[in-house]
Structures are given as C-alpha cells and as structure tokens.
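Here are my notes on the charged side-chain pairs. Please read them with the coordinates open.

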Amino acid sequence: MNLKIKSIIIEDNPTEFNYLRSLLTVNFSNIEIIDHSDNINDSIRKINTHKPEIIFMDIVLKDGNAFEILDRVDNYDFEVIFITAQDKYLEKAIEYYAFNYVLKPIDLSKLEQIIKRYETLKERMFSLTKYKMFIEFINDQFSQLMLHVNSEHIMVNLNDVIKCEADSNYTLFTLSNNKKLLASNTLKYYTDLLSYKGFFKAHRSCLVNIKQIKSIYKKEAIILNTKEKIIVSQRNKSNLTDLIKLLS
C-alpha cells in the first residue's frame, strides 16, 4: 500500500529546485515528488492532473506569481507550503491565514514540523475561501464600503473607520474625522463582511479597525488612536493573542 504523500514542486530557479528536491528526498521518506513546474500554465495543468496532497511553491515565478496559479486551479484539496524570500508582512499574513511557509534559505526544522503535523493530522489547511480571504487581506489598501444611512447610501473608506458598534438592529460607525454614521444593518452583518478586511471583534457589540489601534494593554484591552479603551471579552482573548502575533 502506497502511503507516501504525493507532492509537486513549483520553482523556476533550477538551483533552488534541485536543492529542495534533494532536501526532501534525503530527509522525508514519506514525500513522493511526482512532478515539477517552473511556470504558471504548466503548474495549473499538473495540479489539476495529478491532484497532489502537498505543493511546495515559490511565490515569485518568471511569468508571474503563485497566487495566479491558486486563482485558476480546479482542485483545492491540498496543502500549500510557500518557499519564500518575501518580506515580513507577507510572512505574517500567510501564517495568520493558516497557510504554511518556509523562508529561503530553507529552515529544515520548520519544514520538518510542517510535514509532521500534516502527516499526523492530515490537515487540509488550504481552501478556496481561506485563499480569497488572504488575498483580500494583503491587497486591501484602499477598500471602501457603501453604508445605507437613512435614505442615503454613503461611501466610506475603511481606513477611516475607527470602530463599529451594535445599536439594536443598526450599526454605529465612528470615523476618524469624528463623524458618526448609523447604518441600516446589524453588527453581525458587518462582522461577517469586515472580519477579513482588517477588523477585529473585541466583544459582542464592537468591531475595531486594526489600523486604528494604538496599543494593546495586558492582552485584555485595545487602546485606539483616539485613546479610547476597548475591553476584549473573555471568549475573544485568544483571538487577541493571534492579533498581537499578526501585528508584532
């Protein structure tokens, strides 16, 4: 019975590819490298054909980037391990959204941890939904939102939103210019909409924009740029810990 984990390497640098293939062959008897690609179209074809369990993927390729591949594949039942030399912000975003990554030069101990966890739990950490959330997060620099306020629809820049608070079946938006807008939707509606656009749910009645956070006090309260202190509920404190990791 073949229990090996079918894998594909996507890497356009021959030296990097040979090094990674050798590293996997020597150190991971449970990994079977079934194919290799160095460009976008070929990678898509091979992923759809072979349906690998794990893809070791460089981010920057000669004809584009890895995200173009993930945008276009048919099969999403695999684990992605980015082999990346990208900046710290991207690393943290990947980690926050449960993708795995190994920095170049490759950290063998981290790679071992990832493979062991995958083999033990058979986690399918990659999904189309998580990927879309991730892409939104790292590309969302000037996002806007249309709010239904009374008889108007008002466009606001999300970077200007400080917090959103429940007000019965409405939501009160506080903006950086001290303006307040009472929108005709519940906080739950905006929680679902904004939680992957850089907003954090402090407690059941309040969302805060992480771009408007000045500091975090004792892992139990958020201090906004306005100096307002928002207490984080007990059930959301573990999420606050994740937020601290993201922002650190």
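1. The model is predicted. A search of the whole structure turns up nine salt bridges. Three of them are taken up below, with their setting in the fold.

2. Start with Lys-46 and Asp-35. Their side chains form a salt bridge, with N to O at 3.1 Å. This pair ties together distant parts of the chain: Lys-46 lies in helix 2 (residues 40–50), Asp-35 in strand 2 (residues 31–37), and eleven residues separate them. Is Lys-46 buried or exposed? Its relative accessibility is 11%, so Lys-46 counts as buried, the cut-off being under 20%.

3. Next, Asp-42 and Arg-45. The side chains meet in a salt bridge at 2.7 Å, N to O. Both residues sit in helix 2, three residues apart, so about one helical turn separates them. Asp-42 is buried, at 18% relative accessible area. Arg-45 is partly exposed, at 48%.

4. The third pair is Lys-188 with Asp-192, a salt bridge of 3.1 Å from N to O. Here too the spacing is about one helical turn, because the two residues are four apart in helix 7 (residues 187–194). Lys-188 is exposed, with a relative accessible area of 59%. Asp-192 also counts as exposed, at 53% relative accessibility.

5. Which residues are joined into one network by salt bridges that share partners? They are Asp-35, Asp-42, Arg-45 and Lys-46. The pairs in points 2 and 3 should therefore be read together, as parts of that one network.

Methods: Residues numbered from 1 in each chain as written. Predicted model: local features only at pLDDT ≥ 70, side-chain atom pairs only at ≥ 80, totals over all residues. Heavy atoms only, no water. Salt bridge = Lys/Arg side-chain N within 4 Å of Asp/Glu carboxyl O. Buried < 20%, exposed > 50% of the residue type's maximum accessible area, 1.4 Å probe, protein only.
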